[in-house]
Amino acid sequence: MHKAKRIILLGATGSIGSNTLEIIQRFPEDFQIVGISAHTNSQALAQIANTFQVPSIALSDESTYQSAIQAELFSKNSQVYGGDHALDQLIQETQADMVVVAIVGARALSPTLKAIQKGFDIALANKELLVLGGSFVTQAVQKNKVRLLPIDSEHNAIFQCLHGNNSKDLKSIILTASGGACRDTPIDQLHTITPEQAKQHPNWSMGAKITIDSATMANKGLELIEARWLFDLQPHQLKVTLHPESIVHSFVHWIDGSVLAQLSPPSMTFAIQHCLFYPDKRTNPKPSLDFDTSFSLNFAPPEPKRYPCLQLAYQALEQEPYGGAIYNAANEIAVQRFIEKAIRFTDIPKIIQHALKHIQVPDTLSLESLLQIDQDTRDYALQIDPKKL
Ligand code: NAD
Ligand code: MG
């Protein structure tokens with residue numbers, strides 16, 4: 001008998017979350033949503049809970065949770081968790097087959113580790129959690145024999161290209177990068193870029209943080225570290241090419257000189273649907289590439305002066321096991337400060353650079369020390385005076 005896959009969707013109200021819901025809605029026989037979460041958007045979460053008849057709900061922001069309970073926003077039949085531990089509780093107390101991790105930031109690490117321990121497959125959009133705790137996540141995945149399926153389009157492309165090949169014959173992977181909102185801004189004008197300008201992505205429609213990360217290319221830096229963990233690669237095997245059309249999502253270069261690529265239009269629906277049905281495939285009503293019309297694809301090496309965050313990611317890789325944690329936390333805080341107009345666009349890489357240089361790390365690695373370094377870096381990045389950068 002056909003059994004619906006039970007899905008927990010963390011970050012149901014976001015950009016990846018909405019794309020995931022759109023696919024699930026097209027295949028009501030194949031999926032049952034058993035849990036959803038959001039941080040502050042309780043109205044949208046209640047609407048999703050209602051549409052999909054979701055039994056378990058988490059609102060991770062405590063005050064939003066309190067107001068939602070007072071306003072009786074959710075059905076009496078559903079279980080609602082609130083506050084700092086809501087995501088962990090939702091995972092702990094819900095039975096599922098797959099968790100789609102579509103919340104933003106390193107906050108996703110704890111519930112994802114719990115989900116792996118419970119034996120749920122993971123469809124992972126969030127990259128920050130791997131950059132912070134990649135070694136713990138990959139160990140837990142092996143130990144619990146679950147699938148870790150990458151939704152991030154570049155890594156989804158590599159995952160597809162590796163299929164059927166022996167990864168020991170891999171020479172390098174090449175992540176494609178659109179170049180983001182400031183790819184044509186004169187380099188000496190980058191310091192004038194406003195948050196509103198940085199949030200205008202030329203090809204993709206995504207959440208605010210990742211769109212700003214695309215403009216600085218910290219997103220590609222995070223993705224290099226994400227790839228290091230997902231595919232067990234060395235820094236010299238990780239490369240980036242600028243590809244303004246965002247149609248080739250990445251390349252795999254083999255030792256015999258051949259290169260494989262995965263192509264689709266710049267929409268996350270293709271990667272999300274691939275993960276939801278893996279290893280099966282279903283039709284997708286979204287238009288795919290049309291080879292009856294002419295189009296061209298361009299590639300170029302990214303300019304180091306325009307994208308200092310990229311080089312800093314290689315530095316973070318050299319500073320393992322804490323470099324990724326420092327890179328990610330410094331970037332999260334710097335982006336937040338940039339959105340609040342407390343620092344300039346060009347201060348973002350400077351804050352990451354200072355943090356990589358100054359944060360003191362212990363000799364040994366534990367999950368506690370990793371979370372401590374994450375917190376130390378956040379405190380440090382928050383107090384840096386931009387005038388001194
Ligand atoms: P978004 O900002 O649109 O949505 C974020 C979701 O996370 C929302 O549901 C929000 O309620 C929740 N959230 C926000 N802060 C939270 C917190 N502190 N605790 C718990 N939940 C919180 O983000 P998005 O663009 O959908 O991206 C989600 C993740 O997927 C990010 O890690 C991003 O890097 C990654 N990703 C996104 C895309 C894309 O196309 N949007 C592509 C590749 C990877
Ligand atoms: Mg990506």
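Okay, let's start on the surface: Leu263, Phe291, Phe295, Leu297 and Phe299 make a nonpolar patch of about 450 Å². Before I go on, keep in mind that this is a predicted model. Leu263 belongs to strand S11, which covers residues 259-263. How exposed is Leu263? Its relative accessibility is 36%, so Leu263 counts as partly exposed.

Now the ligand. How many residues surround ligand 1? There are 22, and the closest are Thr13, Ser15, His39, Glu128 and Gly207. Let me go through some contacts. For Thr13, a side-chain N or O atom sits 2.7 Å from an oxygen atom of ligand 1. Glu128 also uses its side chain: a polar atom there lies 2.7 Å from a ligand oxygen. With His39, it's the backbone that takes part, with an N or O atom 2.9 Å from an oxygen of ligand 1. As for coverage, ligand 1 on its own has 830 Å² of accessible area, and the protein covers 86% of that. And what is the shell made of, by class? You get 10 nonpolar residues, eight polar and four charged.

On to salt bridges. As general background, side chains of opposite charge can pair when their charged atoms come close. The count for this model comes to 19. I'll take three of them.

First up, Glu196 and Lys341. Their closest N and O atoms are 3.4 Å apart. Where do the two partners sit? Glu196 is in helix H8, residues 195-198, while Lys341 is in the loop between H13 and helix H14 (347-358). That's 145 residues apart, so to speak a link between distant parts of the chain. On accessibility, Glu196 is partly exposed at 44%, and Lys341 is exposed at 55%.

Next, Lys220 and Glu223, where the closest N and O atoms are 2.7 Å apart. Both residues are in helix H10, which runs over residues 218-231, and they're three residues apart, about one turn of the helix. Are these two buried or exposed? Lys220 is buried, with a relative accessible area of 5%. Glu223 is buried as well, at 1%. The cut-off for buried is under 20% relative accessible area.

Then there's Asp374 with Arg378, at 3.0 Å between the closest N and O atoms. How are they placed along the chain? They're four residues apart in helix H15 (residues 367-383), so about one helical turn separates them. Asp374 is buried at 9% relative accessible area, and Arg378 is buried at 15%. Some salt bridges share partners, too: Lys127, Asp152, Glu154, Lys220 and Glu223 are joined that way into one network. So Lys220 and Glu223, the pair from helix H10, come back here as members of that network.

Okay, backbone oddities. Let's do cis peptide bonds. One joins Tyr278 and Pro279, with omega about 5 degrees. Pro279 is in the loop between helix H11 (269-277) and helix H12 (308-318). Another cis bond runs from Glu320 to Pro321, and there omega is near 10 degrees. Where's Pro321? You'll find Pro321 in the loop between H12 and helix H13, which spans 323-339.

Last topic: positive phi. Glu72 isn't a glycine, yet its phi is positive, about 50 degrees. Glu72 is in the loop between helix H3 (62-70) and strand S4 (79-82). Is Glu72 buried or exposed? Exposed, with a relative accessible area of 57%. Lys145 is another non-glycine with a positive phi, about 55 degrees in this case. Its loop connects helix H6 (128-144) and strand S7 (148-150). Lys145 is exposed too, at 73% relative accessible area. The cut-off for exposed is over 50%, so both Glu72 and Lys145 qualify.

If you've got the structure open, a couple of places to click on: Thr13 and Glu128, for their side-chain contacts with ligand 1, and Glu196 with Lys341, for the salt bridge that links distant parts of the chain. That's what I had.

Technical notes: Residues numbered from 1 in each chain as written. Chains lettered and ligands numbered in written order. Predicted model: local features only at pLDDT ≥ 70, side-chain atom pairs only at ≥ 80, totals over all residues. Heavy atoms only, no water. Patch = residues over 30% accessible without salt bridge, like charges linked within 9 Å, V, L, I, M, F, W, Y side chains within 5 Å. Areas by Shrake-Rupley, 256 points an atom, 1.4 Å probe, with all protein chains shown as cover. Salt bridge = Lys/Arg side-chain N within 4 Å of Asp/Glu carboxyl O. Helix = DSSP H or I, 4+ residues; strand = E, 2+ residues; numbered from the N terminus. Buried < 20%, exposed > 50% of the residue type's maximum accessible area, 1.4 Å probe, protein only. Near = heavy atom within 4 Å. Polar contact = N/O pair within 3.5 Å; in protein donor to acceptor, adjacent residues only side chain to side chain. Nonpolar A, V, L, I, M, F, W, Y, C, P; charged D, E, K, R; others polar.
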